[in-house]
Amino acid sequence: MDMQWTQIRVTGAVGDLETISAVMSMVNNSLMIEDYSDVTTDGMYGALLDDSLLNADRTKGAVSVFIPETQSVAEGKAFIEGQLRASGIPYTIETVGCREEDWAESWKKYYHPVKIGRIVIVPAWEDYTPAAGEIPVTMDPGMAFGTGTHETTRLVISMLETYLKPGDRMLDVGCGSGILSICASKLGASYCAAYDLDPTAVRVARENIEASGAENIVCGTSDLLRDVDKSGGRFNVIAANLVADIILRMAPDVGDYLTDDGVLIASGIICPRRAEVEEALAKEGFEVFDAKVENDWCALAVRKKK
């Protein structure tokens, strides 16, 4: 049977296409970019150009990503919208290929338990009996990002298992489905705070948190760190599974929320931009002491310089 694909198409200003492409490549690398800013009637082929190209708005462009039926279109769409809002980029978004009620459900038959170290991410609609030592985390991502299948999520969970200590306070910036804060709670965090700019993600995260039985996680709406409540103290671990541009935007403020010996786990960074992110963090007084890479995605473990 032929694979079915759904197209997510984002339109924005030509100057924002690079950032839009970076965000959408985190969902899937099968991108199509429409940029007519350089179209001209000059040259031998100018007269052959279609009127639709010649009359196109040269200030606008579009990026499309194509999602196979084995992936959640809802998750991808929610992630894209959340990251673009956090970046402050004006955009319009549309889906092409099948009805929303179809793409919102069809991918679930391909979503099975995902093992990451001791953590096992289990779809809410599947029965799973954990083996000795395994920590099951039941998730229904709904219309939010965070199934545990994406490389960047797996990298953060792996680092949480390494660096989060029992009793730590943990902050999840851009929480999506709430998967990272739930994992942190299961790994022994005493308190977790999960924030997202998207109210839909916050709703989904709260539902997953309640279903998990975790009573030490609070969840709210915030534009990155702007509305994070740190009245109970700074955080020992901050997880930010975002994209490079948004981590760069957040970098100047992180130090005010991280304990002196705390760890920032920054993920969602494509490898070609790793050096740029490391340089920006260094300027803010941080040093990278560990990094994990999977399929051209990079996660950094960062601490304040001594």
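A residue counts as buried when its relative accessible area is under 20%. Keep that cut-off in mind as we walk through this predicted model.

## Cysteines without bonds

Let's begin with the cysteines. A disulfide is a covalent bond between the sulfur atoms of two cysteines. How many disulfides does a search of the whole structure find? The search finds 0. Two cysteines help to show what is going on, and the table lists each with its closest cysteine sulfur.

| Cysteine | Closest cysteine sulfur | Sulfur distance | Relative accessibility |
|---|---|---|---|
| Cys219 | in Cys175 | 4.3 Å | 14% |
| Cys298 | in Cys271 | 5.2 Å | 0% |

To count as a disulfide, two cysteine sulfur atoms must lie within 2.5 Å. The sulfur of Cys219 is 4.3 Å from that of Cys175, so the two are too far apart for a bond. Likewise, Cys298 and Cys271 do not bond because their sulfurs are 5.2 Å apart, which is too far. Is Cys219 buried or exposed? Its relative accessibility is 14%, so Cys219 counts as buried. Cys298 is buried too, with a relative accessible area of 0%.

## The sheet of 7 strands

Now for the strands. An open sheet is built from 7 strands in the order S10-S9-S8-S11-S12-S14-S13, with mixed pairing. Which strands stand at its edges? They are S10 (217–221) and S13 (286–294); each has a single partner strand, so one side of each is left without a neighbour in the sheet. On average, neighbouring strands here are turned by 15° against each other, ignoring direction.

Strand S9 (residues 191–196) runs parallel to S10, and 5 bridges join the two. Here Tyr195 stands opposite Gly220 in S10. Helix H7 (residues 199–212) lies across S9 and S10, and runs at about 170° to S10.

## The sheet of 3 strands

Another open sheet has 3 strands, ordered S5-S6-S7, and its pairing is also mixed. Its edge strands are S5 (114–116) and S7 (135–139), each of which pairs on one side only. Neighbouring strands in this sheet are turned by 25° against each other on average, again with direction ignored.

S5 pairs with strand S6 (residues 119–123) in the antiparallel sense, over 3 bridges. One pairing to look for is Ile116, whose bridge partner in S6 is Ile119. Helix H6 (residues 179–186) lies across S6 and S7, running at about 155° to S7.

## A closer look at helix H3

Helix H3 (residues 73–87) lets you try a small check. How far should its 15 residues span at 1.5 Å a residue? The expected span is 21 Å, and the end C-alpha atoms are 21 Å apart, so the two values agree.

H3 is mostly covered, with 12 of its 15 residues buried. Among the buried ones are Phe79, Ile80 and Leu84, and also Glu75, Glu81 and Gln83. At the N-terminal end, Ser72 caps the helix: a side-chain oxygen lies 3.4 Å from the backbone nitrogen of Ala74. Just after H3 comes Gly88, which takes a positive phi of about 75°.

## Leu281 and its surroundings

Our last stop is Leu281, found in helix H9 (residues 274–283). Leu281 has a relative accessible area of 2%, so it is buried. What does Leu281 touch, leaving aside residues up to four places away in sequence? Its contacts are Ala251, Leu264, Phe286 and Val302. Val254 is 27 residues from Leu281 along the chain, and the C-alpha atoms of these two residues are separated by 9.5 Å.

Notes. Residues numbered from 1 in each chain as written. Predicted model: local features only at pLDDT ≥ 70, side-chain atom pairs only at ≥ 80, totals over all residues. Heavy atoms only, no water. Pairing = 2+ DSSP bridges. Helix = DSSP H or I, 4+ residues; strand = E, 2+ residues; numbered from the N terminus. Axes fitted to C-alpha atoms, helices over the stretch in contact; angles between N-to-C directions. Contact = heavy atoms within 4.5 Å. Buried < 20%, exposed > 50% of the residue type's maximum accessible area, 1.4 Å probe, protein only. Expected span 1.5 Å × (residues − 1). Polar contact = N/O pair within 3.5 Å; in protein donor to acceptor, adjacent residues only side chain to side chain.
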